[in-house]
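Please open the structure in a viewer and keep the selection tool at hand. The tour below proceeds stop by stop, naming what to select and what is found there.

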Amino acid sequence: MAATPVLAGMHPDPSVCRVGEDYYLVCSSFEYFPGVPVFHSRDLVNWTQLGNALDRQSQLPLTAGTPSSAGICAPTLRYHDGRFHLVVTSVSHGGGTAVFTATDPAGPWSEPVPLPGAHGIDPDLAWDEDGTCWCTMAGVHQYRVDLATGAVVAGPRPLWSGGDRAKAPEAPHLYRIGRHWYLLIAEGGTERSHAVSIARGPAPDGPFEPCPANPVLTHRGTDDPVQNTGHADLVQGPDGSWWMVLLGVRPGGGTPGWHVLGRETFLAPVHWVDDWPVVGALTVTPPWPLTPGPVEPHRDDFDGELRPCWISVRDRSEEHCTTRERPGWLTLHARGAGLDDPSVVFVGRRQQHRSCRARALVDVERGSGGLAVRVDEEHHYEVEAGSGEVRVHARIGPLRTVVVARAVPAGPVVLVVRVNETRELRDARSGPDTVSFGVEAPGGTVTTLAELDGRYLSTEVAGGFTGRVIGAYAATGTVHFDWIDHEPLD
């Protein structure tokens with residue numbers, strides 16, 4: 001039986017910390033704004049989004065020149081001396097590594113304290129007994145830093161970097177557990193060879209000896225339905241046992257397999273043998289009572305501020321996106337040239353289910369726009385209303401086409417996107433799913449306009465580090481959305 005993610009959809013590079021009975025987790029957000037979603041749990045399985053740590057332009061200035069799959073990658077969340085510390089790297093013009101702090105993980109989070117002398121990605125923070133702060137980064141190398149000023153006190157100093165000729169040693173996390181300091185890293189790249197390895201030493205700067213059983217976790221070379229496992233973080237459960245959060249993907253279809261939801265967050269048990277971690281199978285059934293949180297509503301009527309699950313491409317300004325202009329509606333004012341343009345005005349939610357449906361009531365009297373399934377500027381499908389018709393567009397790499405156009409009566413229209421997982425393979429070339437687009441009549445009857453192969457909106461085709469996001473966009477003029485629902489069909 002396939003393991004179930006504890007955070008489905010595009011929630012990669014998880015980092016977790018425990019404070020008392022509470023757990024907090026953050027993930028990468030790349031080119032999306034607001035950035036770095038923050039989640040809370042009491043059981044490590046059921047997570048509720050509290051907000052987004054980087055929710056102001058001053059914290060996250062992503063310009064149109066920031067490529068897709070750049071932006072914010074691999075944050076680390078830690079709690080020290082009464083404050084939460086979030087360290088991130090922004091892979092964009094004028095970016096770099098910075099630290100944000102908060103007394104409440106729901107926010108507000110501080111303005112950034114840049115670490116201009118710390119170079120690299122995947123930063124980690126750890127403190128030793130005398131309060132010295134260590135920042136360890138992909139590579140793997142380490143700095144001593146002063147978080148009050150952002151100054152580098154010492155370093156960089158190279159550390160253990162995984163197995164011999166290991167590809168992409170990254171995602172370091174440093175811990176004091178018992179009598180040892182442990183250095184946990186990912187290696188092999190975040191594709192099918194992804195793995196988790198560990199070393200230990202007497203001090204935070206080593207020297208480190210590798211675990212004889214490395215990698216302690218990998219699914220490479222297996223037929224496990226969850227692949228690309230890696231980029232892990234350790235935490236103690238409510239009963240004192242140890243657990244690991246990590247990323248993985250669920251490829252679908254034939255060969256070579258396509259994953260469309262992005263990298264998701266999974267959970268695995270850890271026990272210790274001779275002071276080395278032994279990682280068990282991925283699971284969502286730990287040995288303590290589960291405490292489900294509130295159920296996220298499928299439908300948003302836009303009666304107030306946008307919920308934290310809604311994300312936009314690179315920025316979101318009141319000038320272009322608002323729920324106040326027409327109360328009870330989401331209003332988008334177009335900028336750029338639609339989904340092909342890095343400046344597109346877009347508000348969407350991560351696709352979290354292999355089969356799902358999104359619907360929206362759209363008023364395009366003064367513009368054109370609709371619902372889109374987006375991976376990046378060069379890989380997206382959309383159903384768009386405007387000028388008396390509904391059109392289905394497909395962009396796959398350098399190719400862009402209007403798949404179909406159909407006249408519709410004047411007035412608001414209900415647009416529908418449906419994703420159906422491939423249940424039975426036609427042959428080895430079968431794609432992971434089908435994405436269909438349609439128009440819903442007042443009585444609820446849906447006219448399907450087009451069915452498209454979902455493999456072209458997968459990471460294996462598009463490249464990069466993100467998954468699908470489904471949402472609303474404006475191509476021209478002003479477009480109003482009365483409601484949008486996004487429900488699973490699994």
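The model is predicted. Begin by selecting Asp 485, which is found in strand S35 (residues 469-488). Is Asp 485 buried or exposed? Asp 485 counts as buried because its relative accessibility is 7%, and buried denotes a value under 20%. Display its side chain together with that of Arg 359: the two side chains make a polar contact at 2.5 Å. Then extend the selection to the residues that Asp 485 touches, not counting residues up to four places away in sequence: His 298, Arg 299, Arg 357, Ala 358 and Arg 359.

From here, keep Arg 359 and Ala 358 displayed and select Leu 415. Leaving aside neighbours within four places in sequence, Leu 415 is in contact with both of these residues. Its other contacts include Ala 360, Val 362, Gly 369, Gly 370, Leu 371, Val 383 and Ala 385, as well as Val 390, Gly 438 and Val 439.

Next, widen the view to the nonpolar core around this position. Which residues have the most contacts inside the largest nonpolar core? They are Leu 332, Leu 415, Phe 437 and Phe 481, in a core of 42 residues. Colour strand S28 (residues 356-376), which supplies the largest share of this core, 8 residues. Apart from this core lies another, of 22 residues; select Val 196, Ile 198, Val 226 and Leu 282, which are among them.

Now move to strand S2 (residues 22-26), where 5 of 5 residues are buried. Asp 22, Tyr 24 and Val 26 point one way from S2, Tyr 23 and Leu 25 point the other way, and all are buried. Add strand S1 (residues 15-19), which runs antiparallel to S2 and is joined to it by 5 bridges. Within this pairing, Cys 17 has Tyr 24 of S2 as its bridge partner. The hairpin of S1 and S2 has 2 residues between the strands, and Gly 20 there takes a positive phi near 65°. Then add strand S4 (residues 35-41), which pairs with S2 in the antiparallel sense over 4 bridges. Here Tyr 24 has His 40 of S4 as its bridge partner.

For the last stop, select the open sheet of 4 strands in the order S6-S7-S8-S9, with antiparallel pairing. Strand S6 (71-80) and strand S9 (113-114) stand at the edges; each has a single partner strand, so one side of each is left without a neighbour in the sheet. S6 pairs with strand S7 (residues 83-91) in the antiparallel sense over 8 bridges. To inspect one bridge, display Leu 77 and its partner in S7, Leu 86.

Terms used: Residues numbered from 1 in each chain as written. Predicted model: local features only at pLDDT ≥ 70, side-chain atom pairs only at ≥ 80, totals over all residues. Heavy atoms only, no water. Pairing = 2+ DSSP bridges. Core = buried A, V, L, I, M, F, W, Y, C linked by side-chain atoms within 4.5 Å. Buried < 20%, exposed > 50% of the residue type's maximum accessible area, 1.4 Å probe, protein only. Contact = heavy atoms within 4.5 Å. Polar contact = N/O pair within 3.5 Å; in protein donor to acceptor, adjacent residues only side chain to side chain.
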